[in-house]
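Me: I want to learn how to read the features of a model like this one. Please take me through them one at a time.

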Amino acid sequence: MHKTILLISLNRHHVPYPVYPLGISYLKAYLNKHLPEKYDIEIVDCNISDDILIEEKIRELSPAYIGFSMRNVDGANSLDRTNFINEYARIIKSVKEHTDAVTIIGGSAFSIYPKELFESISPHYGIIGEGELSLLKLVTKLERGETPYDIEGLVYRDSAGQCVCNMEHTSYIPDFELEYEESSLDYYWTNSGVLNIQTKRGCPYNCIYCTYPLIDGRKIRTFSPASIVDKLMELKQKHNIDYVFFTDSVFNIKNEYNIELAKEIIDRGLKIRWGGYFSPSNLTDSMLELFAKSGLTHIEFGTESLSNAQLKNYGKNFTVDDVVKVSQLCLKHNIYYAHFLILGGYGETWQTIEETMANSRKLGYTVFFPYYGMRIYKGTKLQQIAIDKGLISKNDD
């Protein structure tokens, strides 16, 4: 008898454009490959499904397990503090009223606030961080009637009813699987003009404010370049999608791999445009020339400041000179580029602000995305700094 695992992407945030729910597509592909054939894996995307459609899907499938993916807790905008958690909780509550399935929550938002969200939403289980292997083990153990409490990343209630979070991941999947939901590709391509794909996971850097190491871990893991190009060729040939954004936390972390990927794109004659998040360090003229030849059209740099003192305060591993040099290289190779800035972050003074403004004039034909203030997330170095200075308590959210 077949059993269904239903994966629901809860995200309905469309600003600045709707984003394809990549995480649950990776989960679906991985489970399809590693679970026995008696399991059917289905997806519901709340961006394109209203509550009625979700209820109809549950009645139709009668799933044994339902996984909910939470992308964001809010829009990260201090001028619009609308949080998404109440909407997530409402959808999950509605789903529970129509099924006795085992409920599991995960995703990037949950990975940052696992205990708080688990306590408020009360699913059966939660999974922190990379979810494929943990979800596979959870389903397998539950099907066998075994206790799952030793699974890495698992969140559960113990016999006393206390929430327990297995925070640490020591093992990761060796390679990733990906199956796009073909029925929804046209919606995202039409409404955003770009499709997202990931080439690697993990971030070894030490930016004091950043949650990527909490979500993805610090160990770098990469896709097979050939498999990525296979998927990109499929997108172009079947759906005429020729512009993708590599959603890696920082694309140019492992450049020997990136060179291999770019060469694979070129050697197989794939004509696409692509962009990604880059660090201003760890790039050379020859790399950018190769990347541009493979289709790189734009870079979004996580620069954050143009003051060397502030770059050090923020935990960055590059200097203003590095930023200027790489910007000039982008211009040389006709690559559009933007620099994100965090003004008024930890350690900022009027002097460092003035340095940033003065140094900004050294960059030609750039776009700046300046933000004011620095969000304090749990588990980051910035949180510990704020606690040590007595600005917040360790229990502050």
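Me: Start with a pair of residues in a sheet. Which residue stands opposite His339 in strand 15?

Reply: Phe368 of strand 15 stands opposite His339. Strands here are DSSP runs of E with at least two residues, helices are runs of H or I with at least four, and both are numbered from the N terminus. This is a predicted model, so local features need pLDDT of at least 70 and side-chain atom pairs pLDDT 80 or more, while totals for chains, interfaces and linings use all residues. Residues are numbered from 1 along each chain as its sequence is written, and side-chain values use heavy atoms, without hydrogens and water.

Me: How many bridges join strand 14 to strand 15?

Reply: Two strands pair if DSSP finds at least two bridges between them. Strand 14 and strand 15 run parallel and are joined by 6 bridges. Strand 14 (residues 336-343) also pairs with strand 13 (residues 296-304), in the parallel sense, over 5 bridges. There, Leu341 of strand 14 is the bridge partner of Glu304.

Me: Is strand 14 enclosed or open to the outside?

Reply: Use relative accessible area: under 20% is buried, over 50% is exposed, and in between is partly exposed (1.4 Å probe, protein chains only). In strand 14, 7 of the 8 residues are buried, so the strand is largely enclosed by the rest of the structure.

Me: What is the strand order of the sheet that holds strand 14?

Reply: The order is 8-11-12-13-14-15, an open sheet of 6 strands with parallel pairing. Strand 8 (195-197) and strand 15 (367-372) are the edges; each has a single partner strand, so one side of each lacks a neighbour in the sheet. Neighbouring strands are turned by 20 degrees against each other on average, direction ignored. Angles run from 0 to 180 degrees between N-to-C directions, and axes are lines fitted to C-alpha atoms, for helices over the stretch in contact.

Me: Now the mixed sheet. Which strands stand at its edges?

Reply: Read the order before the edges. This open sheet has 7 strands in the order 2-1-3-4-5-6-7, with mixed pairing. Strand 2 (39-45) and strand 7 (163-165) stand at the edges, each with a single partner strand, so each has one side without a neighbour in the sheet. From one strand to the next, the twist averages 20 degrees. Inside the sheet, strand 1 (residues 3-9) and strand 3 (residues 65-69) pair in the parallel sense over 5 bridges. Ile5 stands opposite Tyr65 in strand 3. Helix 2 (residues 51-61) packs on the sheet and touches strand 1 and strand 2. Its direction makes about 165 degrees with that of strand 1.

Me: At what angle do helix 7 and helix 9 pack?

Reply: Two packed helices are described by the angle between their axes and the distance between the axes. Helix 7 (residues 182-192) and helix 9 (residues 225-239) pack at about 80 degrees, with axes 12 Å apart. They are therefore roughly perpendicular; the classes are under 35 degrees for roughly parallel, over 145 for roughly antiparallel, 65 to 115 for roughly perpendicular, and oblique for the rest. Contact means heavy atoms within 4.5 Å. Glu182, Leu185 and Asp186 of helix 7 meet Glu234, Leu235, Lys238 and His239 of helix 9.

Me: How many salt bridges does a search of the whole structure find?

Reply: Side chains of opposite charge can pair when their charged atoms come close. The criterion is a side-chain nitrogen of Lys or Arg within 4 Å of a carboxyl oxygen of Asp or Glu. The search finds 22 salt bridges. One of them joins Glu132 and Arg201 (2.8 Å, N to O). Glu132 lies in helix 6 (residues 132-144) and Arg201 in strand 9 (residues 200-201), 69 residues apart. Glu132 is buried at 3%, and Arg201 is buried at 7%.

Me: Are Lys200 and Asp248 buried or exposed?

Reply: Both are buried. Their closest N and O atoms are 2.9 Å apart, in a salt bridge. Contrast Asp150 and Lys141, bridged at 3.6 Å, N to O: Asp150 is exposed at 57%, whereas Lys141 is buried at 17%.
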